[in-house]
Amino acid sequence: MNPLTAIPSSLDIKKIRDQFPVLHQRVNGKPLIYFDNAATNQKPKQVINALVEYYQGYNANIHRGIHTLAEQATKAYETTRHSMQKFVNAEHVEEIIFTRGVTESINLVASSYGRVFLKENDEVIISGLEHHSNIVPWQMACEEKKAKLKIIPITESGEINLDVYQNQLSARTKIVSINHASNSLGTINPIKKIIKLAHEVGAVVLIDGAQAAAHLKIDVQAFGCDFYCISSHKMYGPTGAGILYGKKELLEKMPPYMGGGEMIKDVTFEKTTYNDLPYKFEAGTPNIADVVALNEAVNFINELGKDQIAEYENELLAYATKQLSAIPSVKLIGTAKEKVAVQSFIIEGIHHFDMGQMLDTRGIAVRTGHHCTQPLMERLGLEGTVRASFSVYNTKEEIDELIESIKRIINFLK
Ligand code: PMP
């Protein structure tokens with residue numbers, strides 16, 4: 001067998017693909033090849049079925065109902081909280097707050113923690129690799145509090161410059177907010193080191209885990225981070241759900257983010273007392289169905305095993321990177337040593353949008369543009385890239401098809 005097309009025997013990719021109905025269709029007359037997994041990945045049947053079962057079987061509002069359906073829905077919703085506690089290895093279940101996803105989780109911390117703990121002339125540090133979701137909420141908080149936003153520069157290969165970071169840290173640093181893995185370049189950041197250095201100056205650390213949740217082992221206690229954010233839709237779960245993990249002692253000191261039902265203990269027109277964790281941060285009717293189905297996404301990942309998923313995706317990445325770099329007019333963007341299965345590239349003389357559109361006519365879905373990281377693109381002197389991002393259901397044959405198509409498009413547009 002050609003070693004380049006060998007796959008780890010532990011994963012049966014055909015069987016995995018069979019669990020993803022969306023993959024079995026033709027797009028523009030060609031079999032769909034889905035390489036836009038960093039934007040959102042596809043959903044296995046067990047997640048889709050969980051949504052249908054919830055709406056067909058026990059749709060009800062949670063927590064306050066005493067009837068059977070309400071109890072069933074509450075139990076399912078809280079089961080996911082326990083699963084997510086295990087998924088990130090949080091010490092306490094009430095450290096898991098359900099949100100709409102990473103964007104809302106970061107906004108919650110920037111707004112609630114920032115409102116109380118950020119003062120004039122304090123500093124917040126983020127990196128040059130961040131998604132707009134991990135830039136704009138901090139800009140807003142800093143503007144309101146007259147605090148300063150500092151940016152850790154990145155190297156040409158797309159890694160954080162740790163020497164500069166170390167010099168940026170001081171007693172004025174109150175918050176450091178960094179992604180675990182970059183959506184544009186795939187870089188896996190050395191978060192343990194980043195967290196340790198931040199804690200030495202007394203800052204709290206938020207980790208944006210959007211691109212890590214489906215690929216890397218998460219252990220918030222081993223990392224030592226204060227906050228960790230996840231979007232369900234990037235880990236085979238439904239859109240519109242996610243979590244904020246926060247250390248209990250910090251969450252307890254933070255004021256509510258939104259007011260309304262569920263987050264209260266007692267309301268009079270004179271004074272409201274707030275609910276205990278985690279409900280203090282879950283105002284209103286939450287996204288019950290999608291949280292319930294997220295549990296099946298966790299089961300899906302656990303059944304395959306994160307190590308096996310990572311091993312297979314790393315093989316796909318190495319296979320794609322090798323072939324892409326052999327095309328003379330292709331330039332790889334993002335060549336960090338440690339990466340998740342994301343490869344950005346540009347093609348000499350061909351606009352990334354044109355390449356994306358031409359690939360789509362061949363049924364291949366890639367992402368093109370700035371990937372919500374405009375400052376990063378500016379740093380790299382680019383308007384955008386073509387980005388192929390791989391998941392456990394992708395195959396080397398699909399990568400062969402991508403490479404062949406890129407070569408043909410280059411020849412055609414020459
Ligand atoms: N951070 C990173 C690194 C991301 O890739 C994304 C999604 N592209 C986000 C934050 C925002 O996640 P969401 O849109 O699910 O809130």
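Helices (H or I, at least four residues) and strands (E, at least two) are DSSP runs, numbered from the N terminus. This is a predicted model, where local features need pLDDT of at least 70 and side-chain atom pairs count only at pLDDT 80 or more, while totals for chains, interfaces and linings use all residues. Residues are numbered from 1 along each chain as its sequence is written, and side-chain values use heavy atoms, with hydrogens and water left out.

**Exercise 1.** Place Ser170 in the fold and find what it touches.

*Solution.* Start with the location: Ser170 is in the loop that runs between α6 (162-168) and β7 (173-179). Next, look for contacts (heavy atoms within 4.5 Å). Leaving out residues up to four places away in sequence, Ser170 touches Glu123 and Val201. Then check polar contacts, meaning N or O pairs within 3.5 Å; within protein, one atom must be able to donate a hydrogen and the other to accept it, and residues adjacent in sequence count only if both atoms are side-chain atoms. A polar side-chain atom of Ser170 sits 3.0 Å from the backbone nitrogen of Arg172.

**Exercise 2.** Work out which residues surround the ligand and which side chains make polar contacts with it.

*Solution.* First, list the neighbours (a heavy atom within 4 Å): they include Val102, His131, Asp208, Gln211, Ser231 and Lys234. Now go through the polar side chains. Gln211 has a side-chain N or O atom 2.7 Å from a ligand oxygen, and for Ser231 such a distance is 2.6 Å. Lys234 brings a polar side-chain atom to 2.7 Å from a ligand nitrogen. Finally, take the area (Shrake-Rupley, 1.4 Å probe): the ligand alone exposes 390 Å², and the protein buries 85% of that.
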